[in-house]
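Hi everyone, thanks for making time today. I'd like to walk you through one sheet, strand by strand, so please have a look at the picture first.

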Amino acid sequence: MPSSQTLISVAEYLAASYSDGDREYIEGRVVERNLGEKGHSRVQKQLIVFFAAREKTVGTFCFPEQRVQVKRDRFRVPDVCVYIGQEPDEEVFTTPPFLVVEILSPRDTASSLQNKVEEYLSFGVPFVWVIDPASRRGYIHTADGSRPAKDGVLRTAGPEIETPLASLFPA
């Protein structure tokens, strides 16, 4: 980020809207998100359908591109966030989701992704899934560590949710 960037308040950020996709807010700076391409959008759509189908049976409430306040001066906009049992009763979420999903875009960097994962876990998110549409791979991050979904299945526990990566990449 250029050092000459103007800092804005949380109130200004929350009042803003962007015609080309929402932005994140990091310590006074509005940060543009890397918007996905077709592969990204298709995975996001499949996840939304997957979790919506489980709303009545598992109690999943799925939100795409929802502002989540992870710290006093940090707001993230995950590709998908999922709550269990009850839908949050706020416009900008301030409680940790059960699951956050980040779908990689071509311009995402390893360091920015790692920062996001660490922020989500520090905020209290139990599960963070990272999906790479280009390689069709997925990774599961928890407070206990990170691992690839070597068997091709993304999972959570308490409740147990499983989705095969292949189901996210229609032929």
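Let's begin with strand E9, residues 137-142, which pairs with E10 in the antiparallel sense over 4 bridges. If you want a spot to look for, threonine 142 has glycine 145 in E10 as its bridge partner. Please keep in mind that this is a predicted model.

Now, where does that pair sit? E9 and E10 come at the end of the order E3-E6-E7-E8-E9-E10, an open sheet of 6 strands with mixed pairing. Its edge strands are E3, residues 60-64, and E10, residues 145-148, and each of these pairs on one side only. On average, neighbouring strands in the sheet are turned by 15° against each other, direction ignored.

Let's move to the other edge. E3 pairs with E6 in the antiparallel sense, over 5 bridges. Here you can find phenylalanine 61 opposite tyrosine 83 in E6. On to the next pairing: E6 and E7 run antiparallel too, joined by 3 bridges, and valine 80 stands opposite valine 101 in E7.

Why is E6 largely enclosed by the rest of the structure? Strand E6 covers residues 80-84, and 4 of its 5 residues are buried, so the strand is largely enclosed. Buried, here, means under 20% relative accessible area.

One last thing to find on the screen is a helix. Helix H3, residues 110-123, lies across three strands: E7 (99-103), E8 (127-132) and E9. Relative to E8, helix H3 runs at about 160°. And with E9 we are back at the strand that pairs with E10. Thanks for listening!

Key
Residues numbered from 1 in each chain as written. Predicted model: local features only at pLDDT ≥ 70, side-chain atom pairs only at ≥ 80, totals over all residues. Heavy atoms only, no water. Pairing = 2+ DSSP bridges. Helix = DSSP H or I, 4+ residues; strand = E, 2+ residues; numbered from the N terminus. Axes fitted to C-alpha atoms, helices over the stretch in contact; angles between N-to-C directions. Contact = heavy atoms within 4.5 Å. Buried < 20%, exposed > 50% of the residue type's maximum accessible area, 1.4 Å probe, protein only.
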